[in-house]
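Reader: I have a new model open on my screen and would like to get my bearings. Could you walk me through it?

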Amino acid sequence: MSLIRIRPAPYHALVVMLASDRDARAQRKLFGPDGFAKMQILSPGALSWGFWRGEHCVACAGLMSAPSRSGLAQPLEGLHFEAWFTCLPAVARDLKSFLRLAQLTLDELPQDAIVEARVQPGWKPGEKLARLLGFEHRGEDLWERIKA
């Protein structure tokens with residue numbers, strides 16, 4: 001059975017995935033001082049997706065406007081986005097399907113869109129996923145995908 005993508009990402013599944021994340025640093029990044037603003041990604045109209053195998057959501061991903069100079073996320077607008085992603089270990093079974101759906105999702109953005117992602121330096125699975133989705137490392141934890 002392959003994955004299907006449904007919009008929006010289900011809030012309950014996102015909370016379960018974050019609670020199962022053994023890396024406290026990843027949780028602090030989402031819920032830390034500027035991180036709570038990132039929870040707006042699940043507000044009505046936000047760009048978020050749940051990736052489902054049957055009745056189980058195994059991954060959540062989405063886009064929000066890249067942080068402004070103040071460091072706080074702004075309402076979704078413009079062509080500069082920040083990508084986010086979290087999953088359960090069960091997504092490994094469907095990694096090819098997830099990568100295909102994620103690539104199609106990114107390809108739906110306007111041609112001149114810029115998408116940033118933050119990956120903890122040295123976290124090999126995150127770095128590999130970013131590369132497989134067409135992101136290039138720009139320094140420290142910043143990765144960027146330009147569709148020009």
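**The sheet and one helix**

Author: Happy to! In this predicted model, seven strands make up an open sheet with mixed pairing, and their order is E1-E2-E3-E4-E5-E7-E6.

Reader: Which strands stand at the edges of the sheet?

Author: Look for strands that have a single partner strand. With one partner each, they are left without a neighbour on one side, so they form the edges: strand E1 (4-6) and strand E6 (136-139).

Reader: By how many degrees are neighbouring strands turned against each other on average?

Author: Here the direction of the strands is ignored. Taken that way, the average for neighbouring strands of this sheet is 30 degrees.

Reader: Do tell me about E3 and E4: which residue in E4 does Ala 59 stand opposite?

Author: Strand E3 covers residues 56-65 and strand E4 residues 80-87. The two run antiparallel and are joined by seven bridges. Opposite Ala 59, in E4, you will find Cys 87.

Reader: Now to helix H4: why do its buried residues line one face?

Author: In H4 (residues 124-132), the buried residues are Gly 126, Glu 127, Leu 129 and Ala 130. Lys 124 and Lys 128, on the other side, are exposed. Viewed down the helix axis, the buried residues line one face because they fall within an arc of 160 degrees.

Reader: What covers the buried residues of H4?

Author: The cover includes both strands and a helix. Among them are E4, strand E7 (142-146) and helix H3 (95-107).

Reader: And which residue with a positive phi follows H4?

Author: Its phi is near 90 degrees. The residue after H4 is Gly 134.

Terms used
Residues are numbered from 1 along each chain as its sequence is written. This is a predicted model: local features need pLDDT of at least 70, side-chain atom pairs count only at pLDDT 80 or more; totals for chains, interfaces and linings use all residues. Side-chain values use heavy atoms; hydrogens and water are left out. Two strands pair if DSSP finds at least two bridges between them. Helices (H or I, at least four residues) and strands (E, at least two) are DSSP runs, numbered from the N terminus. Axes are lines fitted to C-alpha atoms, for helices over the stretch in contact, and angles run from 0 to 180 degrees between N-to-C directions. Buried means under 20% relative accessible area, exposed over 50%, partly exposed in between (1.4 Å probe, protein chains only). The arc is that of the directions from the helix axis to the C-beta atoms. Contact means heavy atoms within 4.5 Å.
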